[in-house]
Amino acid sequence: MDKKINVALLGFGNVGSGTYTAFKENCELISKKVGAEVVIKKILVRNIANARRVDAPAELFTTDFNEILNDADIQIVAELMGGIEPATEYMLKSLAAGKHVVSANKAALANALPKFNEAAKAAGCMLRYEAAVCGAIPVMGAISRALTGNEITKVSGIVNGTTNYILTRMAAEGAPYADVLADAQALGFAEADPTGDVEGFDAANKLSLLTAACFGVYIHPDDIDRTGITGVTMDDLKAAEAADCKIKLIASSEIKDGKVCASVKPIQVPAESFLGRCGSEFNAVQIDCNMAGPIFLQGKGAGPEPTGSAVAGDIIEIAQAIVNGTASKQPETAIL
């Protein structure tokens, strides 16, 4: 193919390497869908000498963000670094330079979503972040495109796989919290410092993005009523079982008396309900609509390949719009 769409990846950890793998293994299929060759031209890393889980040509790597920012041939920047800074700075500079942005970074996006949307609109660029909410589960696409003919009244779900894994194991085996957490860390489901997951910060970031998409209202994660799972006891789990329920960390936003109310907290849900049946490290989201009724989405909410596939999907959508000449005319993911 003569036409080429150049992409830069910021970060080459689990998500960055998963994204690279998706394009490497599916390059012919992706090119056919886009109508152009989609090429990973540069990859920003902190240290070129570091060992990596996926091999890539040495000439792709750089430690200088300006090498990407000042390259007019790079049309799409995928920010996959994590953390609020310098990710926020890099995304805003990329948009200002006329580059479309894809991100899997729920913390940076949720912390300043209006600023990102304003920057994208001012630059006539697309901003997409499917992977930031539930990994491979296409919840943002469902809300912003497939369900736009509906009034959404509530969104609720299990959006953090670490806490779901811990609560599932504790309930099923009667295993102590500390032991299950250690297993989750050994399996890579939990970070060395699990505070962001177990105290509900990760879920609050994701709920902020979901709330904006569903209701057009931005709620900063710090303003979301949040309780983690560290206070859940075996007695709580046994009481839930006696009531034919499960305890899950539920992120929920709904309209009450004309206002959007958002919360993240461990609550009892019926054991045989959609959310009650979602176990281990899986995520599940229920979207209540006035026309379509309840919509149920479940799948892998994390991991290199699932999350990388969601990033790839956003890149492909933007690449298709570039080829069709409609990239500057696309609606925002969330209208605020």
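This report covers a sheet, a helix, a pocket and several single residues in a predicted model.

## The six-stranded sheet

Six strands make up an open sheet. Their order is β3-β2-β1-β4-β5-β6, and they pair in parallel. The edges are taken by β3 (61-62) and β6 (127-128). Each of these two has a single partner strand, so one side of each lacks a neighbour in the sheet. Strand β2 (residues 37-44) runs parallel to β3, and two bridges join them. One residue pair can be named here: I43 has F61 of β3 as its bridge partner.

Helices pack on this sheet. Helix α1 (residues 14-25) touches β1 (4-10) and β2. The direction of α1 makes about 155 degrees with that of β2. Helix α4 (residues 87-96) also packs on the sheet, touching β1, β2, β4 (74-79) and β5. The direction of α4 makes about 155 degrees with that of β5.

## Loops beside the sheet

P86 sits in the loop between β4 and α4. The peptide bond that joins E85 and P86 is cis, with omega at about 5 degrees.

N105 belongs to another loop, the one between β5 (100-103) and α5 (106-111). Is N105 buried or exposed? N105 has a relative accessible area of 4%. The cut-off for buried is under 20%, so N105 counts as buried. Beyond its neighbours within four places in sequence, N105 contacts E79, G82, G83, A87 and A132. Of these partners, A87 falls in α4 (residues 87-96), and E79 falls in β4 (74-79).

## Helix α8

Helix α8 (residues 139-146) is mostly covered. Six of its eight residues are buried. They are V139, M140, G141, A142, I143 and S144. What do these buried residues pack against? The partners are α7 (131-134), β7 (152-158), α12 (201-215), β11 (282-289) and β12 (293-300).

I143 gives a closer view of α8. The relative accessible area of I143 is 4%, so this residue is buried. Leaving aside neighbours within four places in sequence, I143 is in contact with T148, I152, L210, A213, C214 and I287. Among these, I152 lies in β7 (152-158), while L210, A213 and C214 lie in α12 (201-215). I287 belongs to β11 (282-289). I143 and K24 are 119 residues apart along the chain, and their C-alpha atoms are separated by 29 Å.

## The second largest pocket

The second largest pocket holds about 250 Å³ of space. It is lined by 21 residues. Those closest to its centre are L167, T168, A171, A172 and K246. Which elements each supply at least two residues of the lining? They are α9 (161-173), α13 (234-242) and β9 (245-256).

By class, the lining has eleven nonpolar, four polar and six charged residues.

## Positive phi at the ends of β9

D244 is in the loop between α13 and β9. Phi of D244 is near 60 degrees, a positive value in a residue other than glycine.

D257 also has a positive phi without being glycine, near 50 degrees. The loop that holds D257 lies between β9 and β10 (259-270). Is D257 buried or exposed? With a relative accessible area of 83%, D257 is exposed.

Definitions and conventions:
Residues numbered from 1 in each chain as written. Predicted model: local features only at pLDDT ≥ 70, side-chain atom pairs only at ≥ 80, totals over all residues. Heavy atoms only, no water. Buried < 20%, exposed > 50% of the residue type's maximum accessible area, 1.4 Å probe, protein only. Helix = DSSP H or I, 4+ residues; strand = E, 2+ residues; numbered from the N terminus. Contact = heavy atoms within 4.5 Å. 1 Å grid on protein atoms, 1.4 Å probe; cavity = no way out; pocket = protein on both sides within 12 Å on 5 of 7 lines; lining within 4 Å. Points joined across faces, edges and corners; volume = space filled by probe spheres on them. Nonpolar A, V, L, I, M, F, W, Y, C, P; charged D, E, K, R; others polar. Pairing = 2+ DSSP bridges. Axes fitted to C-alpha atoms, helices over the stretch in contact; angles between N-to-C directions.
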